[in-house]
Every structure is written in structure tokens, then in C-alpha cells.
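Here is a friendly walk through a structure you can follow on screen. Have the chains in view and take the sections in any order you like.

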Amino acid sequence: MSGAGKAYIAGAFEHPTRFAPDKTVGQLHAECIKGALDDAGLTKDDVDGFMCTGEAPMPLALVDYLNIKPRFLDTTETGGASYVMHVAHAVDAIASGRCNVVVISLAGRPRSEGRRVGTALRGGNVGVPWMQFQYPYRPTLIGTFALSAARHFHEYGTTSEQLASIKVAASHHAKYNPNAFLKREITVEEVLDSPMISSPLHRMDCCVITDGGGAVVVTRPEIARGLARPLVKIRGYGEFIRGRDGGKIDLRYSGAQESGKDAFEMAGVKPSDIKYASIYDCFTIAVLMQIEDLGFCEKGQGGKFVQDGNLISGVGKLPFNTDGGGLCSNHPDNRGGMTKIIEAVRQSRGEAHPALQVPDPSIVLAQGLGGGALSTPHAAATLILERE
Amino acid sequence: MADQGRAAQRRARIFSASVWQGGHDEAAPLAIGSCLASKREHASLSTAKHPHPQIGSSASNPDLKPYWEACSNGRLLYRRCIACGEAHWYPRPFCPFCFGATEWQEASGEGEIYSLSVTSDPEAPYAIAYVRLPEGFTMMTNIVDANLDRLVIGQKVKVKFAATDQDMSVPVFAPLGVA
């Protein structure tokens, strides 16, 4: 028996900050959680389920700091995909009767802490089985996404201009967002003129690096219906961990192919039913490949699909990331999954910016990716929401 | 040697600061761009300039001892399943396809570039790549001894071993013939 329809997202809050050198991560969590609970019309005493990741900085310490009392805890850690998975896990927990009100929270300060997110070498823990066969070659995060982009260009003739048009679309949306880190319209030329960090990805193919966070509240139908907010029902979800298949590497696909399949099947809808999509956007290539893998277009056609404003609300067929996304607005703690959920909830409620609100947001989608890069083991998670 | 290491680290930190403050600001220094402009020819065997002290140590991964010994002798080993016959990468004592037992075999050293990306770096750009081997797997590596601008997916390459700062060897790949 699936969890479809067994829980609602009743509260959502994105911290307005993008640079928070004077706040601790714990404080940012607390502000996000209070914001989400206030949004829902619930209090911290109502909370009996909690989800965050190990960067919280330590789940048990955060629970104690907040003085909440969860009967259900999930700290699934898959980078930016974590929060999309947490929502699904919350539905299952609520549906099975384990808890009633789950708070999911993210916060971090990569900007204040000066983290070289995309270009620093990562890892070095030889306890990780692949480390000795990867670390010596100095792959950076952006480099490992670039490997997927390079292969996609080779297989399908995808171009840098097509990738750039994804950033352009996000910037068209970000200009309406007073909190966006990067608020001005970007052109294809500007993306292509920005420095090449790891071929074929330029600096402008990358998301912004921001402090901040967000939180959502997931609760059972009886509680949600007693609150004053529009009803956003969780209709379908799926997740998948895509490894490197013992060395039989195929960089054409991401885990979104499998996570999307499960979510669409549970929801009983097709890609053509989706009115708005939040697509994980750490890098432009990630957006393009997830759009293909979710079935919005055929594999290999992603370049054509994202061109000519097709992702721009009011202009194209698939309005995406109308808050400006990670590419232009916010990618707090280098984990974009929470903001993807929050903008999908805004659209579902009719509370996105009026210039960008889709007219009939009956079914919307949020896609998360994380824990690794497209060309290294990563997690994918898909969430489908329905406005009741 | 140690001084060079420290100098490299200092340069890396300065570079990181300039990239960091750049972000998306208009005033971003073009540190990365100027890096790419230089040293395009014959990239150095610059793997493991940031070595991890335990990579290659038997203490952390005793099952890999023969692999690292073979590397130091210029041989690339991999493992193949005794039960189902499939080769896999990176080497494991069990088969990631059928969980059968596996044994060491030696690779021919031939390969073909499956994907590559030239990464900017304050010292010299370098190429990360996935190379597909005829033995039946694809591995992450660096492409060396090459004009990085002229590397292409599909290009044939051959393994060689790059010495690291810690008297180890790691397999890298160089184009066949003239780069």
C-alpha cells in the first residue's frame, strides 16, 4: 500500500539570508523551523518527527539544541537529495502511524566559511572503497559533473549554448526574487564568456554558493485539514542510488530515471501532467539530464528542450525553478533539495511571484540530486505534489 | 621537495581566495582564465600532488597490496570473477555482479577515452577522464603527456605510471603516438 495521499506539506519556510557570518548553523536551523511551524500554524510542541542530515552539524545535538522530542528520526544523508527523500520518508512514517508532525530542516554557511565548494578536492578517507582509485586523480566536484556534460555533448551534440540557456531561464525568474543572490538577467554570451572551470563547464554553469536554509512541515491529513494553509498533498515519491555498476559506466543517465519512474507510478500521472517542476540545479548539465531522465523529453533531446525559453514561466512548456533556483537564487549549504521542495510548494499553493505563478498548479514536481556527482555515485529523489 | 609542496599549497590557497571572492561578482579576478592560458602543452604527470598518506598503504586496504606493488612495477592489475567471468573496477575481493570470488589479472594497458574534462588549476591545468578498457570496465584517471586542448573522446590511450610525492605509482593514461 503506497503512501500516496497519506500526508501533506503543511508548512514551508526558506530563510531570507544568503550570507550569515553572524549566525551559527544551529541558529539558522531554529529560525527555519520556527518559520515553517509558524507558516503551518503549528508549534514546536506539536513536532514528534524530525529529519536533518549529519551536517546539522550533529542530529542529536540539534534535537537537544531545539529541545524537540522526536519519536521518529531520519538523518538520511545524500547531499542535496536528502530533503526530498526526507519528505517521502516522513509520509511513510506518518502513514504507518509512527508520528504525526514531521519537521525537516536544512541550514549551512558555505559562503561565510569560505568553502571552495566546486573546486576543492574532496575526500581522502581511505575507508571509502573507491577513494584510492579516485583521489589521486584530483577530480573536483565540478569536474565530475563536467565528465557527464562532455559525454552528453559527444553522444548527442548538446552544446554549451544549450546549457547556458538553462542559466538564462533561471535568471529570468530570479530577477523577481528580492532574496535571490544573483538577481539580474544573464545572457548566453555571458555564460560562455565566464571562465572555463572544468571543460565544458564555465563558472556561470554553476549554482551560487549561499548561506541559509529552509524547513518544511509534513503532517497527516486530519491535522493538515484543520490548518489555515492551502492543502498540498504528497501524491507520489521515489528515490534511487545510482552507482557506477562495477565499472560498467554509462554517463548518459542519472538516478532520476529510476526515482522518477517510482514517483510517477505511485502518483498515477505522466510528465505531461506536471504544471511546474523544481529541478535540482547545482550545474546546468544536471538540469538538462534530469529533464530527460524524468521523461519530459526523449534522452538526447534535452538540449533542444531547454532552448528558446522553454523553461521560462509564461513562455515555455515546462516552467522551472521560478524562485531562480540554485543557479541564481539560493543553494544553501550546497544542498539544493530543500529550496526545490519549497518553491514547488509555493507554486502549488498559488504563492509564487505573481509574474511567475503557473495558472493551474494542480500537479507539481520537485527533483533532488546529491551525495555525489552525475558521473560518480549519487542519489536521486522525486516528489510529486497535488493541490487539493 | 617539501618547500615546493608548501609553495604549491600557498599558491593554491591564494588561488582559492581569489576564486572564492569572485563568485558571480562582476569584479571577479580572472585568475582561472589566466591559468588556462598558460602551460597547455605537455601537462605534467601531476597526479597525487595532494597525496593522501594512506593511499596505497596495506594497513588501510590489505586486499589491495598486490595492486599497489604491481603499479610500482609498471603493471596494471584488475580483478575478474571466477564464477561469472565478469571484470570489474575498482578491484574488490568479491564480484559486484554476482558476489562470487574474484582473482587478479593483468590488463593490457590499452584504453579509449570515454569522457574527459580539463580542469583549471593554479599550477597547471590537468585532464580528468574516464577511460574504457577492452578488459570490460571503465576507470577514472588522468590523461598525461598530451596537448590538453587536442584530446578527444574516443582517442586511444595507453597506461603509464606516474610517480607520486610518496614513492608510489598510480596508473594514468597517455595518448598513443604523437600527442
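## Salt bridges between the chains

A salt bridge here means a side-chain nitrogen of Lys or Arg within 4 Å of a carboxyl oxygen of Asp or Glu. Keep in mind that this is a predicted model. With that rule, A:K248 and B:E86 form a salt bridge, their closest N and O atoms being 2.8 Å apart. The rule finds 2 salt bridges across the interface of chain A and chain B. Polar contacts add to the picture: 21 residue pairs, both residues at pLDDT 80 or more, are in polar contact between chain A and chain B.

## The rest of the interface

How much area do chain A and chain B bury between them? The value is about 4600 Å², with 59% of it on carbon and sulfur atoms. In chain A, the residues that lose the most area to chain B are A:F133, A:Y137 and A:R138, which together account for 20% of what that side buries. The contact draws 53 residues from chain A and 57 residues from chain B.

If you would like to trace the chain A side by element, look at helix 4 (141-156) and strand 5 (196-198), each of which supplies at least two residues touching chain B. Helix 4 of chain A gives the largest share of that side, 7 residues. Sorted by class, the side of chain A that touches chain B has 25 nonpolar, 15 polar and 13 charged residues.

## The sheet of chain A

Chain A holds an open sheet of 9 strands with mixed pairing, in the order 3-2-4-7-1-8-11-10-9. Strand 3 (72-74) and strand 9 (276-279) of chain A stand at the edges with a single partner strand each, so one side of each has no neighbour in the sheet. On average, neighbouring strands of this sheet are turned by 20° against each other, direction ignored.

Helix 1 (residues 25-40) of chain A packs on this sheet, touching strand 1 (8-14), strand 2 (49-51), strand 4 (101-108) and strand 7 (212-219) of chain A. The direction of helix 1 makes about 140° with that of strand 4 of chain A. Elsewhere in the sheet, strand 8 (residues 232-242) and strand 11 (residues 378-387) of chain A run antiparallel and are joined by 10 bridges. To find this pairing on screen, start at A:G236, whose bridge partner in strand 11 of chain A is A:I384.

## The sheet of chain B

Chain B has an open sheet of 3 strands in the order 2-1-3, with antiparallel pairing. Strand 2 and strand 3 of chain B stand at the edges; each has a single partner strand, so one side of each is left without a neighbour in the sheet. Strand 1 (residues 77-81) of chain B pairs with strand 2 of chain B over 2 bridges, in the antiparallel sense. Within this pairing, B:H88 in strand 2 of chain B is the bridge partner of B:R79.

## Backbone spots worth a look

Most residues other than glycine have a negative phi, and most peptide bonds are trans. Against that background, the peptide bond from A:S199 to A:P200 is cis, with omega near 0°. A:P200 sits in the loop between strand 5 and strand 6 (201-202) of chain A. In chain B, a cis peptide bond joins B:W89 and B:Y90, with omega about 5°. B:Y90 lies in the loop between strand 2 (87-88) and strand 3 (102-106) of chain B.

A:D308, a residue other than glycine, has a positive phi near 55°. Look for A:D308 in the loop between helix 10 (302-306) and helix 11 (325-329) of chain A.

Methods:
Residues numbered from 1 in each chain as written. Chains lettered and ligands numbered in written order. Predicted model: local features only at pLDDT ≥ 70, side-chain atom pairs only at ≥ 80, totals over all residues. Heavy atoms only, no water. Pairing = 2+ DSSP bridges. Helix = DSSP H or I, 4+ residues; strand = E, 2+ residues; numbered from the N terminus. Axes fitted to C-alpha atoms, helices over the stretch in contact; angles between N-to-C directions. Contact = heavy atoms within 4.5 Å. Buried area = accessible area lost by both parts, 1.4 Å probe. Polar contact = N/O pair within 3.5 Å; in protein donor to acceptor, adjacent residues only side chain to side chain. Nonpolar A, V, L, I, M, F, W, Y, C, P; charged D, E, K, R; others polar.
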